[in-house]
Amino acid sequence: MTNLEARPTEQVCVAGPAADVELVEPRDVPLGGPRAMTVRRTLPSRARSLIGPFCFADHYGPDDVAATGGMDVPPHPHTGLQTVTWLFEGAVLHRDALGSEQTITPGQLNLMTAGRGICHSEESTPATFPDRPVLHGVQLWTALPESARHGDRAFEHVADVPRLTVDGAVLQVFLGRLGDVESPARAYSPLVAAQVDVPAGTRVRLPVDPSFEHGVLVDSGALRFEGHDVDPAWLAYAPPGRDVLVLEAGDRPVRAVLLGGTPFEEPVLMWWNFVGRTHDEVVEARAQWQAAIAGDAAGLGRYGEVHGYDGPALPAPELPNVRLRPRDRAR
Ligand code: MN
């Protein structure tokens with residue numbers, strides 16, 4: 001084949017920014033408590049609820065724990081989700097209704113599977129870890145599919161996650177699979193979560209599963225993702241169909257978290273700490289938590305209780321005066 005145009009025009013063939021990439025701006029959310037630590041939330045956002053099964057993404061720090069008070073989250077319930085804890089700095093002490101008592105530090109994964117119900121507490125205060133003055137990390141949730149969301153609660157700690165190097169970037173795959181590397185932690189739908197460290201001045205062509213949609217949450221440095229500049233704390237989204245993601249670091253190294261998965265097609269209704277499907281499910285989950293903290297046997301059966309936390313459990317907020325409706329994946 002040849003170009004039959006008599007007077008061909010000049011064309012500059014440089015890949016521009018991908019038109020289908022979305023940029024999600026973080027919003028500040030106080031976690032609550034007397035000296036509220038503030039997190040930057042990108043999922044769920046007005047424009048996007050889910051990336052694969054990831055339905056929640058909070059990014060926090062680096063925080064001087066002595067100044068902010070750190071993290072002190074009393075026992076609270078979850079249903080229908082996994083909580084995924086990953087730190088860049090500091091430490092968090094996790095306790096749950098299975099009797100788990102686990103400190104997590106950078107490079108490690110804490111993965112809690114709520115199934116039908118669990119409760120846990122999270123602490124990282126100057127008193128908890130006097131030698132860890134800075135707290136910095138991400139808190140993610142995945143929505144469990146129908147096959148797992150009524151199942152047993154579980155907790156896993158991975159002390160050393162697998163890693164791979166691509167074009168000079170180091171990827172720590174803490175959940176799911178990337179290339180030939182797979183986290184030992186149990187996931188319930190096809191997904192990936194990995195810390196990505198790109199050296200300054202480096203362009204990375206990262207092979208990915210084309211059936212996945214992906215997000216990149218930037219922690220530090222100036223990232224160019226698929227031709228778009230992404231500032232720290234922002235999330236860039238790319239829909240399915242790519243077998244390579246292009247990540248470039250400017251004059252500073254980039255640290256980011258890659259999220260991905262097959263689009264989660266089940267309806268998801270999130271309210272407070274519950275992931276369900278319908279208004280009535282959430283109403284029942286809330287009522288049973290309130291019963292559990294009042295000592296009721298059925299409530300305790302659903303959520304269990306946390307031992308060792310110094311203080312009362314967190315009561316659920318009041319439900320809004322409207323019926324809750326599932327969110328669309330994206331508007
Ligand atoms: Mn929690």
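A salt bridge is taken here as a side-chain nitrogen of Lys or Arg within 4 Å of a carboxyl oxygen of Asp or Glu. In the predicted model described here, the side chains of Glu248 and Arg203 meet this criterion, with an N to O distance of 3.9 Å. This pair links distant parts of the chain, since Glu248 belongs to strand S22 and Arg203 to strand S17 (residues 203–207), 45 residues apart. Glu248 is partly exposed, with a relative accessible area of 24%, and Arg203 is likewise partly exposed, at 48%.

A search of the whole structure finds 16 salt bridges. Among them is the contact between the side chains of Asp20 and Arg242, for which the N to O distance is 2.7 Å. Here, too, distant parts of the chain are linked: Asp20 lies in the segment before strand S1 (22–24), whereas Arg242 lies in the loop between strand S21 (235–238) and strand S22 (244–249), and the two residues are 222 residues apart. The two partners fall into separate accessibility classes, because buried means under 20% relative accessible area: Arg242, at 13%, counts as buried, while Asp20, at 36%, is partly exposed. A further salt bridge joins Arg177 to Glu182, whose closest N and O atoms are 3.0 Å apart; Arg177 is partly exposed at 41% relative accessibility, and Glu182 is partly exposed at 46%. In addition, Glu146, Arg149, Glu266, Arg277 and Glu281 are linked in a network of salt bridges.

The model also contains a manganese ion, which is coordinated by the NE2 atoms of His76, His78 and His120 at 2.1 to 2.2 Å. In sequence, these donor residues follow the spacing H-x1-H-x41-H. His76, in strand S5 (residues 71–78), and His120, in strand S10, are 44 residues apart and form a pair that links distant parts of the chain. Both of these histidines are buried, with relative accessible areas of 3% for His76 and 2% for His120. The UniProt record, an unreviewed entry, places the feature "domain: Pirin N-terminal" at residues 38–141. In the model, this span is 4% helix and 61% strand, and its end C-alpha atoms lie 18 Å apart.

With regard to internal space, the search of the whole structure finds 2 cavities of 30 Å³ or more. The largest cavity has a volume of about 70 Å³ and is lined by Thr83, Thr85, Val92, His94, Ile104, Asn110, Met112, His120, Glu122, Gln139 and Phe155. His120 thus appears both in this lining and among the donors to the manganese ion. Strand S6 (81–89), strand S7 (92–96), strand S9 (109–113) and strand S10 (118–124) each supply at least two residues of the lining. By class, the lining of the largest cavity comprises 4 nonpolar, 6 polar and 1 charged residues.

The second largest cavity has a volume of about 30 Å³, and its lining is made up of Pro44, Ser49, Leu50, Val268, Met270 and Arg327. These residues divide into 4 nonpolar, 1 polar and 1 charged.

Key
Residues numbered from 1 in each chain as written. Predicted model: local features only at pLDDT ≥ 70, side-chain atom pairs only at ≥ 80, totals over all residues. Heavy atoms only, no water. 1 Å grid on protein atoms, 1.4 Å probe; cavity = no way out; pocket = protein on both sides within 12 Å on 5 of 7 lines; lining within 4 Å. Points joined across faces, edges and corners; volume = space filled by probe spheres on them. Nonpolar A, V, L, I, M, F, W, Y, C, P; charged D, E, K, R; others polar. Donors = N, O, S within 2.8 Å, 3.2 Å for Na, K, Ca; no water. Buried < 20%, exposed > 50% of the residue type's maximum accessible area, 1.4 Å probe, protein only. UniProt positions renumbered as here; feature names shortened; annotations may be inferred.
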